[in-house]
Amino acid sequence: MVEGHNLMKTLTHGGNIRLLAARAGCPAGEVLDFSANLNPLGPPEWLRPLIASQISSLVHYPDPDCSELLAAAAECYQVPQDELVAANGTEELLCWLPRILGKPRALVPVPGYVDYARTARAAGLEVVTLPLAEGNGFRLDLSALEQALRGDEIVYLGHPNNPTGLALDAPAVRALIARHPRTFFIIDEAFADFVSDCDRFYRDRLPNTLVLLSLTKIFAVPGLRIGCAAASPGVIRQLREVLPPWSVNTLAQAVGATALADRQYVAETRRFVREQRESQAERLAALPGLRIYPGEANFLLVRITAGKLRAPELAERLLARGIAIRTCDNFDGLDDRFFRVAVRTTGENERLVEALAAEFHTAQASNLSKRRTPAIMFQGTSSNAGKSVLTAALCRILRQDGLSVAPYKSQNMSLNSFVTRDGLEMGRAQVVQAQACRIEPDARMNPILLKPNSNTGSQVIVLGKPVGNMNVGQYIKYKPEAFTVAKQAYDSLAAAHDVVVLEGAGSPAEVNLKRHDIVNMGMARHAAAPVLLVGDIDRGGVYASFVGTMEVLSESERAMVAGFVVNRFRGQESLLADAHDYVLRHTGCPVVGVVPYLTNLGLPEEDSVSFKAETSHGAMAALGQVDIAVLDLPHVSNFTDMDALRVEPDVSLRIVRRLEELGQPDAVILPGSKHVTGDLAQLRATGLADAVLALAAAGRTEIIGICGGYQMLGRSIADPLRVESDGRPVAGLGLLGIDTVMAPEKTLQRVEGLHPASGSRLTGYEIHHGLSGCDDSLEKVVLRDDGEVIGTGRGLVWGSYLHGIFDADPFRRWLIDRLRVRRGLDPLGQVVAVYDIDAAFDRLAAVVRERLDMKRIYQLLKL
């Protein structure tokens, strides 16, 4: 192992990740590398699929003429193809140029790229350095340069220069070149693509000029080695004669040709780098003891101005924190006070500033280095892969371990919602997860809720309040604003807890959605949350889903994936070992857990997927059971209202979709709906509406409506403001004397109340647009504690706006006993089943704790 300052002496270039990782004592992927000046956005998303598409070409030799690559370069740079050459990186060209140009001397302004002088010396040239004055900000003094010219030299100029980041005064340099035709000028534009409005030298060159054009830095592919040069045809012919055959490999040629056509990526990079560089320079300059030299490229030169600490020792200390910088004491013209740092992403730049503040013991260190709340995220290979349940499980595990933990999902699409104590609406899944954390549900846990009200549109709820109905196009335009709110909600929530467990939505591999993602990798990046990718093995194809998802992700997204979780497995886990090895070899990520298929969890489902997946006819009531049928509606909402009925041993609960499945149940429940009039029309179209009316007339079946289902039982539903429909009034089923008018303002409130007939206390919540007026003759079925009637009935037909009405154990038993009596069964008279999901969380946590690699999860959380 290389020790101490000797390590820094061996690193003549930045980016030697193997040596840096060895010194840091961590995997290479855990080193935050500021020593290499690469594009902070990483490679373009097209890189991986392009390389994959070229693998079959590797059975052939590369094109020795680099035909497609040079054609792309000619198009990009608007330079004739005979004035271009491609090589195995511009470093290869630097090695050959002093050997073919016939000049005995090299003139190198310093500080400058160290290999200008090294390659010239290796070719036998005398190297003369021209110091750049620190007092002049290391800017090139053209007068001093001109005085040093004799006509027998090669002049090396960086545009912009490395390590100062300063671009040349291009018009003045062109004039100087024209005045000295016997001197040969090499202009290195390796970093010019990062500079906005850069005056480039590759066109309108004089015969004594060659321009180096690197693709390595701007496209973040240093491992591929791709470079070009633009020069006169004679110089290009000389280079082609000495370059080895097949110098540029097949993959590099394919990547280079595609890269040169991608100007949008370059433009995006320039904008990003400019913003990050300015921000990073400002924050570094605020640290006492450092001077920042403003540059125009994707890196900054820094000098230590106070104290005894020198750059090599600072580099060692930072490396112990997992951060690599480039010491500059091997640059001519600089000493051991100088170091260089690349411009990276916001979070990475902040981490560097925090580490520097701590090393220099500044008064700002405690404020700068405020620790980001540890976070981890479950994403899935598909919807309904089990993300929500695993999020709840990990929340309970961390809570059991003494941590203050909160769940978070930036955007949820579900008709299953809940009202918080402060009257805000949020997705039910995050409510369940909050219960796993034993904390009060908070709208910040699900800042954006989409409630579909058509095949192409949804009601959009932000921080618990509806902001309007939007179709897909409208919502995509709104997403940037929504994401800003989501990030602010996350930051506020995270600041109040020890750890956050995030949940994604659908799959991060949805290529049609990735560009404007605000719920998967985009949110993981903001939270700095490692991602565990969950796959449902019970569906089949889970390992192909893991590998396929990783193939679709960009390199920066892949870097966030820390492992895979195989969910819903039935069988012997040891049989999966070969598959796990394959996935590790193919993706570099391990399987960190195999969770068995868990039945009868006793937890509410996230959305209606599981509800609608249930068998249409269910199991008919067994001996001693009552038969309760729930009508499946196209826009069913808050279907978890029925979950409490499932815990009762003497209840058969079944989902009904078709007329022939209904039969003669003891009770029919019309659940909540996000599109009441549309769902009522569907019931009429299927014949189920008439069947319900017939059951009511027969007088043996209890007809129950919850929220939207309650509105359907009434005489009429009007929607003059078109809140949910086209505005035309609709006749209800006419079973109750109530008339509903849709209101623009949604009723959102937590409720405590009474069921007078049973004397049972009730708790739950209201979520509805409709305001219902009722006949005085109707029975008051549910009374809020403020005296408001939110449920009415007549005989065996009744309904209520109260979601969660069946959660109350005494009321539920009263209702079931009433059904038992009509069925000819004796009432049980007392509660026989307790709807207690807290115990279910503990059971779930026990299984998941055993089947996940919790040691690895704690490592990922850095707890």
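## Confidence of the model

Residues 1–10 have a pLDDT that stays under 50, and the model gives this stretch 22 contacts beyond four places in sequence. The structure is a predicted model. Where pLDDT is low, the predicted coordinates should not be read in detail. The contacts listed for residues 1–10 belong to a stretch with pLDDT under 50.

Over the whole protein the average pLDDT is 92. A score of at least 70 is reached by 95% of the residues.

## Helices α3 and α10

Helix α3 covers residues 47–54 and helix α10 covers residues 250–261. The two pack with their axes 10 Å apart, at an angle of about 135°. An angle over 115 degrees but not over 145 counts as oblique, so α3 is oblique to α10. The crossing of this pair is right-handed.

On the α3 side, the contact is made by L47, L50, I51 and Q54. On the α10 side, T250, L251, A254, V255 and T258 take part. Sorted by class, the contact of α3 with α10 has six nonpolar and three polar residues, and no charged ones.

## Helices α5 and α9

A second packed pair is formed by helix α5 (residues 90–100) and helix α9 (residues 233–242). Here the angle is about 115° and the axes lie 10 Å apart. Angles of 65 to 115 degrees count as roughly perpendicular, which means that α5 is roughly perpendicular to α9. In passing α9, α5 makes a right-handed crossing.

Helix α5 contributes L93, W96, L97 and I100 to the contact, and α9 contributes V235, Q238, L239 and V242. The contact of α5 with α9 has seven nonpolar residues, one polar residue and no charged residues.

## The four-stranded sheet

Strands of a sheet pair through backbone hydrogen bonds, either parallel or antiparallel. In this model, four strands form an open sheet in the order β9-β10-β13-β12, and their pairing is antiparallel. The edges are taken by β9 (290–293) and β12 (326–327). Each of these two has a single partner strand, so one side of each is left without a neighbour in the sheet.

For the edge strand β12, the partner is β13 (residues 338–342), and the two pair in the antiparallel sense over two bridges. Within this pairing, T327 has F339 of β13 as its bridge partner.

Terms used: Residues are numbered from 1 along each chain as its sequence is written. This is a predicted model: local features need pLDDT of at least 70, side-chain atom pairs count only at pLDDT 80 or more; totals for chains, interfaces and linings use all residues. Side-chain values use heavy atoms; hydrogens and water are left out. Two strands pair if DSSP finds at least two bridges between them. Axes are lines fitted to C-alpha atoms, for helices over the stretch in contact, and angles run from 0 to 180 degrees between N-to-C directions. Angles under 35 degrees count as roughly parallel, over 145 as roughly antiparallel, 65 to 115 as roughly perpendicular and the rest as oblique. A crossing is left-handed if the near helix is turned anticlockwise from the far one by less than a right angle, and right-handed if clockwise. Contact means heavy atoms within 4.5 Å. Ala, Val, Leu, Ile, Met, Phe, Trp, Tyr, Cys and Pro count as nonpolar, Asp, Glu, Lys and Arg as charged, and the others, Gly among them, as polar. pLDDT is the predictor's confidence in each residue, from 0 to 100.
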